[in-house]
Amino acid sequence: MRNLNNQKISTVLIGVGFSPNLKNNIFEAMRMADFFDSKLIIVHVGEKTATQEEKIKPLISKFLM
């Protein structure tokens, strides 16, 4: 564990499912990315729909401010 202090976390990856925990999961990942000064990658496996995209946009827009 001592070597971990010398390494920078450059990317935080979160897998997203459209569950009741979506908002909390995204906010926690954004908080971690901000804390580590890292980029955030959000991955959703499944069919992309306009409804799902519209549900995520307001959540991530708060992080981009």
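A salt bridge, as the term is used here, is a side-chain nitrogen of Lys or Arg that lies within 4 Å of a carboxyl oxygen of Asp or Glu. The structure discussed in this report is a predicted model, and by that definition it holds three salt bridges.

**Salt bridges**

The pairs are set out in the table, each with the distance between its closest N and O atoms.

| Acidic residue | Basic residue | Closest N and O atoms |
|---|---|---|
| Glu 28 | Arg 31 | 2.7 Å |
| Glu 53 | Lys 48 | 3.6 Å |
| Glu 54 | Lys 57 | 3.5 Å |

Where along the chain do Glu 28 and Arg 31 lie? Both residues belong to helix α1, which covers residues 22-35, and because they are three residues apart in that helix, about one helical turn separates them. Glu 28 has a relative accessibility of 36% and therefore counts as partly exposed, while Arg 31, at 48%, also counts as partly exposed. The cut-off that this reasoning needs is that a residue is called exposed when its relative accessible area is over 50% and buried when that area is under 20%, with partly exposed in between.

A similar description can be given for Glu 54 and Lys 57, which both lie in helix α2, made up of residues 50-64, where they are three residues apart, or about one turn of the helix. Glu 54 is partly exposed, with a relative accessible area of 47%, and Lys 57 is likewise partly exposed, its relative accessible area being 41%.

For the salt bridge between Glu 53 and Lys 48, in which the closest N and O atoms are 3.6 Å apart, is each residue buried, partly exposed or exposed? Glu 53 counts as partly exposed at 31% relative accessibility, whereas Lys 48 reaches 63% and so counts as exposed.

**Aromatic rings**

A pair of aromatic rings is described by two quantities, namely the distance of the centres and the angle of the planes. The count for this structure comes to one aromatic pair. This pair is formed by Phe 35 and Phe 36, whose ring centres are 5.0 Å apart and whose planes stand at 80°, so the arrangement is edge-to-face. The cut-off behind that last step is that planes over 60 degrees apart count as edge-to-face. Turning to the accessibility of these two residues, Phe 35 is exposed, with a relative accessible area of 63%, whereas Phe 36, with a relative accessible area of 29%, is partly exposed.

Definitions and conventions: Residues are numbered from 1 along each chain as its sequence is written. This is a predicted model: local features need pLDDT of at least 70, side-chain atom pairs count only at pLDDT 80 or more; totals for chains, interfaces and linings use all residues. Side-chain values use heavy atoms; hydrogens and water are left out. Helices (H or I, at least four residues) and strands (E, at least two) are DSSP runs, numbered from the N terminus. Buried means under 20% relative accessible area, exposed over 50%, partly exposed in between (1.4 Å probe, protein chains only). Rings of Phe, Tyr and Trp (its six-membered ring) pair if their centres lie within 6.5 Å; planes under 30 degrees apart count as stacked, over 60 as edge-to-face and the rest as tilted.
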